[in-house]
Amino acid sequence: MNGHGPNGASSVPPDDWSPSSWRTKPTKQQVVYEDESAVAKSRAKLQSVPPIVTSTEIWKLRRALADVAQGKAFLLQGGDCAELFDYCNDSAIDSKIKLLLQMSLVLIWGGNKPVVRIARMAGQYAKPRSSPMEKTADGRDVPSFRGDILNGFPEDQRKIDPDRLVQAYFHSAATLNYVRAQIASGIADLHNPLDWNLGRVGDPSVEGKYKMIVESISESLRFMRTVGADTAGQLETVDLYTSHEGLLLEYEEALTRRLRHPSNRTGPPRMKLAAGPKVSPLTGGALTDNSIQEPETTGYYNTSAHFLWVGDRTRQPDHAHIEYFRGIENPIGIKVGPTTSAEDLVQLLDIVNPNKEVGKVTLITRYGEGKVGDLLPKHIEAVRRTPHVVVWQCDPMHGNTRSTSTGIKTRSFHSVFNELSAALRIHKECDSFLGGVHLELTGDPVTECTGGSQGLQDEDLGERYETFCDPRLNEKQALELAFLVAGSQRE
Ligand code: PEP
Ligand code: MN
């Protein structure tokens, strides 16, 4: 029935959908496990463990993203390109939480609206690769690293290992457990002073501008404390949601649960037509029309993260990933790039969001600084001609990757900022607005992207080049980007 009830209304979850219906479709980035019985064992384990996130939390984020889609809040999403199981340690987690918090304060200052924070963390373990094999330094062909959930980075660990599915769950749960504990213990308590040190800022006028913003934020916080504006404890804690690319459907399916909707779900309850002819309780005769409706009280939730996105390589409308994504209640993202046609984009929205729910879908645009000017207006216009109200989020990282002359994968801060500021400007010119940013970043002082206030050059990248996939902004570059965005939001 193509997800349509007898009266033509779309039903959610669609009638012809199940957590495993993706298996009937062609799958990009397919994983071939050699040992099916080991996979079955991991699957059974994942199906029995408790959810990592709850439907109540998922709906809280859905509501927050509905606000973002309507311009009432801004979305900040960031974290590693490839999260390793080894990043499940207190200092790596602490520095990322603190950085996201600090960036969000700057963005609140800039946009004068609340900021919704989503970490690319506690589950960002699967990576799409352009080639299944790669060359080692000494010229051998080895399977590519596909993320800790599949294989290991060291060359002798490249064989796909089904036990990693279960390890991913426990690392994800341990990470989120620590995040929750730290937030409950006051890591995000704004009564504590924050470290705003940007290191050496080359240009004194830029430094002066940042200092002014920090002073303005600190002053506002002081004022709120003084006047007792914190009676509800709002300065003590924040919401931080988790996300990852929903790439490894074997894992996502196993953690998908049919759950009762939380009572605080917003909007009118969606009605699902009861199936088949019914017998009238009064006359005992068969009811031939479909006038009996039952409130739909349950739905399918991906309980591995609050938010999942479909990557640029796996978003074909008739393929497995979109099939999986159309059935879950979570808010979802779709990467949109130079190869996304306007027709595909509209078709995708209709498939994954048949009921046109506001803010259910975040379009994560990643064109590259040279292409955003041509492509973004066309995509904005295509969506405008539909009833869909989406969150427009800019990922200024993935269209701006380049190789240095010595073959190191990097991104220049300048290009990242150019795409982001172009997206801000273009949305304004098109009578739309940018709802958020999606960044690859780390709280550590790595040297993976060039530029920024420290003026990192290609030659400096060797110093602390630590990523196992794409280059990330370091903590100073990420904070600086927030300052620049906030500055242009205020212009
Ligand atoms: C990513 O976000 O790490 C990624 C692989 O992005 P994209 O799908 O946009 O290439
Ligand atoms: Mn990446």
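Leaving aside neighbours within four places in sequence, I58 is in contact with V53, Y301, H306, E329 and N330. I58 sits in helix α2, which spans residues 55–69. I58 is buried, with 26 other C-beta atoms within 10 Å. A link across the sequence shows here too: the C-alpha atoms of I58 and N302 are separated by 9.1 Å, while the two residues lie 244 residues apart along the chain. This is a predicted model.

**The chain as a whole**

The protein chain has 11 helices and 18 strands. Of its 491 residues, 42% are buried. Among contacts in the chain with a separation of 6 or more, 78% join residues 24 or more positions apart.

**The barrel**

Eight strands close into a barrel. Their order is β1-β2-β5-β12-β13-β14-β15-β18, and the pairing is parallel. Neighbouring strands of this sheet are turned by 25° against each other on average, direction ignored. Helix α10 (residues 413–429) packs on the sheet and touches β14, β15 and β18. The direction of α10 makes about 150° with that of β15.

Two of the strand pairs can be followed in detail. Strand β1 (residues 74–79) pairs with β2 in the parallel sense over six bridges. In this pair, L75 stands opposite V116 of β2. Strand β15 (residues 391–394) pairs with β18 (residues 436–440), also in the parallel sense, over two bridges. Here Q393 stands opposite G436 in β18.

How much of strand β2 (residues 115–120) is buried? Six of its six residues are. In a regular strand the side chains alternate between the two faces of the sheet. On one side of β2, V115, R117 and A119 are buried. On the other side, V116, I118 and R120 are buried. Both faces of β2 are therefore covered, with an arginine on each.

**Helix α8**

Helix α8 covers residues 342–352, and L345, L348, L349 and V352 are buried in it. Seen down the axis of α8, these buried residues fall within an arc of 100°, so they line one face of the helix. An α-helix has 3.6 residues a turn, so residues three or four places apart point the same way. What do the buried residues of α8 pack against? Their partners are α7 (320–325), β13 (332–336), β14 (361–365) and α9 (372–384). Of these partners, β13 and β14 are strands of the barrel.

**Around ligand 1**

Ligand 1 is surrounded by C81, P128, E245, G311, D312, R313, K335, R366, H398 and D470. This shell divides into two nonpolar, two polar and six charged residues. K335 of the shell falls within the span of β13 (332–336).

**Two loop residues with positive phi**

Two residues other than glycine have a positive phi. N112 has a phi of about 60°, and the phi of D431 is near 60°. The table sets out where they lie and how exposed they are.

| Residue | Loop | Other C-beta atoms within 10 Å | Exposure |
|---|---|---|---|
| N112 | between α3 (90–111) and β2 | 11 | exposed |
| D431 | between α10 and β18 | 8 | exposed |

The loop of N112 leads to β2, a strand with six of its six residues buried. The loop of D431 runs between α10 and β18, and α10 touches β18 where it packs on the sheet.

Conventions:
Residues are numbered from 1 along each chain as its sequence is written. Chains are lettered from A and ligands numbered from 1 in the order in which they are written. This is a predicted model: local features need pLDDT of at least 70, side-chain atom pairs count only at pLDDT 80 or more; totals for chains, interfaces and linings use all residues. A residue is buried if 20 or more other C-beta atoms lie within 10 Å of its own, exposed if 12 or fewer, and partly exposed in between; C-beta atoms are placed from the backbone. Helices (H or I, at least four residues) and strands (E, at least two) are DSSP runs, numbered from the N terminus. The arc is that of the directions from the helix axis to the C-beta atoms. Two residues are in contact if their C-beta atoms, placed from the backbone, lie within 7 Å. A residue is near a molecule or strand if its C-beta atom, placed from the backbone, lies within 6 Å of it. Ala, Val, Leu, Ile, Met, Phe, Trp, Tyr, Cys and Pro count as nonpolar, Asp, Glu, Lys and Arg as charged, and the others, Gly among them, as polar. Two strands pair if DSSP finds at least two bridges between them. Axes are lines fitted to C-alpha atoms, for helices over the stretch in contact, and angles run from 0 to 180 degrees between N-to-C directions.
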